[in-house]
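Please open the model in your viewer and keep the sequence panel beside it, as this tour moves from single residues out to the whole chain.

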Amino acid sequence: EARGRGVAEALCEGGQRHARDQGYSRVVLSTSSMQAQAARRLYPRMGYEVVHRARMMGDVEVFYMARAP
């Protein structure tokens, strides 16, 4: 069980570092209303902002989030 141990945050930080090292100006990810609440709270805490929302398969809402690396 990795929950509460900072694994997801470390993975996000590693991805952001890689994007920065490669010269990318923005990191974009997506999450949905079906994903765990903890994951959906992590991204804004790490500086991601919702840039687009879309409905898929009826009641599922998809959130596209972005931030500078």
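A residue is called exposed when its relative accessible area is over 50%, and buried when that area is under 20%. The model on screen is a predicted one.

Begin by selecting Met 34, which sits in the loop that runs between strand S1 (27-32) and helix H2 (37-45). Because its relative accessibility is 63%, Met 34 counts as exposed.

Next, select Met 57, in the loop that links strand S2 (49-56) with strand S3 (60-67). Met 57 has a relative accessible area of 71%, and it is therefore exposed. If your viewer reports backbone angles, look at phi here, since Met 57 is not a glycine and yet has a positive value of about 50 degrees.

Now add Met 56 to the selection and show the surface: Met 34, Met 56 and Met 57 form a nonpolar surface patch, whose accessible area is about 390 Å² for the three together.

Then clear the selection and colour the chain by secondary structure, which shows two helices and three strands, arranged from the N terminus in the order α-β-α-β-β. The C-alpha trace spans about 40 × 30 × 15 Å along its principal axes.

With the surface of the whole chain displayed, the accessible area comes to about 5100 Å², and carbon and sulfur atoms account for 48% of that. Of the 69 residues in the chain, 28% are buried.

Finally, colour by charge: there are 11 positive and 7 negative charges, and the mean positions of the two sets lie 1 Å apart.

Conventions:
Residues are numbered from 1 along each chain as its sequence is written. This is a predicted model: local features need pLDDT of at least 70, side-chain atom pairs count only at pLDDT 80 or more; totals for chains, interfaces and linings use all residues. Side-chain values use heavy atoms; hydrogens and water are left out. Patches are made of residues with over 30% relative accessible area and no salt bridge: like charges are joined within 9 Å, nonpolar side chains (Val, Leu, Ile, Met, Phe, Trp, Tyr) within 5 Å. Accessible areas come from the Shrake-Rupley method with a 1.4 Å probe; for residues, only the protein chains shown count as cover. A salt bridge is a side-chain nitrogen of Lys or Arg within 4 Å of a carboxyl oxygen of Asp or Glu. Helices (H or I, at least four residues) and strands (E, at least two) are DSSP runs, numbered from the N terminus. Buried means under 20% relative accessible area, exposed over 50%, partly exposed in between (1.4 Å probe, protein chains only). Lys and Arg count as positive and Asp and Glu as negative; His and the chain ends are not counted. The place of a charge is taken as NZ of Lys, CZ of Arg, CG of Asp or CD of Glu.
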